[in-house]
Amino acid sequence: MEGGVITINWTLLWQGLNMVIIYLLVRRYLYKPMANFMKNRQDTIANNLKTAEVERDEAQKLRAQYEESIESAKQEAREIINNARKRSEEIISEGRRAAQEQGEQIIEKAKQDLEQEKEKVFKELKDEIALISVRIAERIIETKIDVALQRQLVDRYLKEVKKVS
Amino acid sequence: MDIDIRTFVELQGVPFITNTVTTTWIIMIVMFAASMSVTRKLNMIPGTAQQIAELLMEGIHWLVDNTMGEDKMNFAPFILALSLFILISNFMGLIAVRHPTADLNTTFALAGITFLLVQYHGLRAKKLNYIKGFFQPLPFLFPLNLISELALPISLSFRLFGNMLGSIVIMIMMYMFVPILVPIIGHIYFDLFIGLIQTFIFVMLTMTFITLAMD
């Protein structure tokens, strides 16, 4: 109760000292740890963001690469399929042509064979006719024949020849 | 609460340890414990206490950056300590403890520290030009300049002291006349609002004076 409210006493020094101690405590135990922590966190976040950005760019590049390679693979596949189709068409048409050629050859050969056979038959027939003619001559010689009979014989044999040929 | 300051220990008839000093000690212990508990385990994802501490740090940084400039960020710890102490002291009325800031010795000590800081940093930043500044614009104005300089700690200390003592007086009267419910409004206004405003004014003026002396 001494001295009233507005007096200066030892409290002034105490409070000055206390304020200095408060300053030191706040700086040592609150300000510095908090400031350091917040700075570190800021740096960490900034770093993380930068790293994320770099990684994202890289991922985008990779994706573009993959898409490109997929596209080229598709292109290649298309080419392979087209080539195969073309080749198969060629094979088919070639086969068809070969078959046709072969067929034609067979037909040709058959014709030739037929021709040969015909000629052979004709030859045999001629021989036969010659033989028959000789026999006719023999028969004419054996029997006395008059002109009329002779004509009759010749006609008859000619008819026979015609029938045969 | 009492208008008068209680003395616990006297030294040759002069108050040596008063309730102002003991309350300040308790505030110091609380501040230390709170600081330790917050900064002991800081997480990347902050909890409530850490969020409040970070808000405080951001606020102080913002205030110092805007009032003093980025080159004077090393004043931030002092400004933080000053604001925390004055703020907690001003809020002491809420738990029916006499504000340490309602003692002229406290406010004078704080204003004195501010005054010393102003002179020290002014001298350090401007060297001889700072002393020359007292003789400008005309040399015979030196006494006026000196008085205006000395008025700084006096006005600073009496403003805070007067406001807080006024709060105590009005609150005591309020409890005398309407002891129920109404004092709640008084506490909100005189302890919270005035306490916050006066803290802000004290800290802002401290920052402004230091900056003026340095630039």
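This passage describes the confidence, the chain interface, the main nonpolar core and the backbone exceptions of a predicted model. The model scores ipTM 0.91 and pTM 0.73. For chain B, the mean pLDDT is 91, with 100% of residues reaching 70 or more. Among the elements of this chain, the highest mean pLDDT (95) belongs to helix H3 (residues 76-91) of chain B, and the lowest (86) to strand S1 (residues 7-11) of chain B.

At the interface, 29 residues of chain A are in contact with 40 residues of chain B. The chain A side of this interface consists of 21 nonpolar, 5 polar and 3 charged residues.

The largest nonpolar core holds 41 residues, and those touching the most other members are Val26(A), Ile79(B), Leu80(B), Ala81(B), Leu82(B), Phe85(B) and Ile210(B). At least two residues of this core are supplied by each of several helices, including H1 (10-142) of chain A and H7 (182-214) of chain B. H3(B) provides the largest share, 9 residues. Beyond its neighbours within four places in sequence, Val26(A) is in contact with Tyr31(A) and with several chain B residues, among them Met31(B), Leu80(B) and Ala81(B).

Most residues other than glycine have a negative phi, and most peptide bonds are trans. A cis peptide bond, with omega about 0°, joins Gln136(B) and Pro137(B); Pro137(B) lies in the loop between helix H5 (128-132) and H6 of chain B. Phi is positive at Ala96(B), near 55°, in the loop between H3 and H4 of chain B. Ala96(B) is exposed, with 10 other C-beta atoms within 10 Å. Leu181(B) also has a positive phi, about 60°, and lies in the loop between H6 and H7 of chain B. Leu181(B) is exposed, with 7 other C-beta atoms within 10 Å.

Notes: Residues are numbered from 1 along each chain as its sequence is written. Chains are lettered from A and ligands numbered from 1 in the order in which they are written. This is a predicted model: local features need pLDDT of at least 70, side-chain atom pairs count only at pLDDT 80 or more; totals for chains, interfaces and linings use all residues. Two residues are in contact if their C-beta atoms, placed from the backbone, lie within 7 Å. Ala, Val, Leu, Ile, Met, Phe, Trp, Tyr, Cys and Pro count as nonpolar, Asp, Glu, Lys and Arg as charged, and the others, Gly among them, as polar. pLDDT is the predictor's confidence in each residue, from 0 to 100. Helices (H or I, at least four residues) and strands (E, at least two) are DSSP runs, numbered from the N terminus. A nonpolar core is a set of buried Ala, Val, Leu, Ile, Met, Phe, Trp, Tyr and Cys residues joined through C-beta atoms within 7 Å. A residue is buried if 20 or more other C-beta atoms lie within 10 Å of its own, exposed if 12 or fewer, and partly exposed in between; C-beta atoms are placed from the backbone.
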